[in-house]
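Let's take a walk through this one together, with the model open beside you. We'll go from strands to cores to charged pairs.

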Amino acid sequence: MSCGGNCENCKGKEPTPEEKWREDFPVEWAADNYVTRRDFTRFLILTSGATFLGNGYFVAKNALTPRAESGPTVKIATLTELPIGGVKLFRYPTEADPAMLIRLAENRFVAFRQRCTHLSCPVHFNVEKTQLDCPCHNGTFDARTGRVLGGPPPRPLPRIALKLENGEIFAAGLASSDEAEG
Ligand code: FES
């Protein structure tokens, strides 16, 4: 450490460039906490890795977990009430939301919101083609999945998750459109 040229040994001597530099920039070196380039790179790699793993976890969780938005569980029909190809209209999740339950086969029921995803006209079940037709602009949806088959609708018809219990059918939340057929 330089004495600043004031001690007996240094008097009269020209300060070295390092001593001169330290006089110009008087930093307390011992108390300084250095972050080396290597430490900083390690920190970046660790934080990037943690972020990547975190994102991967949520992507995998979303892919594996069946998605159903919350909604009340409401009884909408009994198992024997509808013939095959029959339709029952109901309201779900609120009284302002028209919906339809369709019996596609002996043990196969599906339910959808009844508003077309184009401009909200009510859709109707076309039993011959197993599709849902919108009369306003000829939009068509697959009655098994709600997928758009033709016309201007921009999105699938929202499906309603169903639950069967003791011979009764319940609406149990809005299902995502890519969920497995019910
Ligand atoms: S409102 Fe259904 S196709 Fe336009």
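Before looking at any pairing, one ground rule: two strands count as paired if DSSP finds at least two bridges between them. Keep in mind, too, that this is a predicted model.

With that rule in hand, look at β7, which covers residues 139–142 and is joined to β8 by two bridges, the two strands running antiparallel. If you want a spot to zoom in on, find Thr-140, which sits opposite Gly-150 in β8. Now pull back a little. These strands belong to an open sheet of four, ordered β5-β6-β7-β8, with antiparallel pairing. At the edges are β5 (124–126) and β8 (148–150), each of which has a pairing on one side only. Going from one strand to the next, the twist averages 35 degrees.

Next, the greasy parts. The largest nonpolar core has 14 residues, and the members touching the most others are Ile-102, Val-123, Phe-125 and Leu-132. Which strands supply at least two residues each to this core? They are β3 (98–105), β4 (108–113) and β6 (131–134). The largest share comes from β3, with three residues. Ile-102 is a good place to park your cursor: leaving aside residues up to four places away in sequence, it touches Gly-86, Val-87, Arg-108, Phe-109, Val-110, Phe-112, Phe-125 and Leu-132. There's also a second, separate core of 13 residues, with Ile-76, Tyr-92, Leu-101 and Ile-160 among them.

On to the charges. Searching the whole structure turns up seven salt bridges. One of these salt bridges brings together the side chains of Arg-113 and Asp-97, at 2.8 Å from N to O. This pair ties together distant parts of the chain, since Arg-113 is in strand β4 while Asp-97 is in the loop between β2 (87–91) and β3, 16 residues apart. Are the two partners buried or exposed? Asp-97 has a relative accessible area of 11%, so it counts as buried, whereas Arg-113, at 21%, is partly exposed.

Another pair is Glu-106 and Arg-103, whose side chains meet at 3.7 Å, N to O. Here Arg-103 counts as buried because its relative accessibility is 8%. Then there's Arg-144 with Asp-142, where the closest N and O atoms are 3.3 Å apart. Asp-142 is buried at 6% relative accessible area, while Arg-144 is partly exposed at 33%. Finally, swing back to Asp-97: salt bridges with shared partners join Asp-97, Arg-113 and Arg-115 into one network.

Key. Residues numbered from 1 in each chain as written. Predicted model: local features only at pLDDT ≥ 70, side-chain atom pairs only at ≥ 80, totals over all residues. Heavy atoms only, no water. Axes fitted to C-alpha atoms, helices over the stretch in contact; angles between N-to-C directions. Core = buried A, V, L, I, M, F, W, Y, C linked by side-chain atoms within 4.5 Å. Buried < 20%, exposed > 50% of the residue type's maximum accessible area, 1.4 Å probe, protein only. Contact = heavy atoms within 4.5 Å. Salt bridge = Lys/Arg side-chain N within 4 Å of Asp/Glu carboxyl O.
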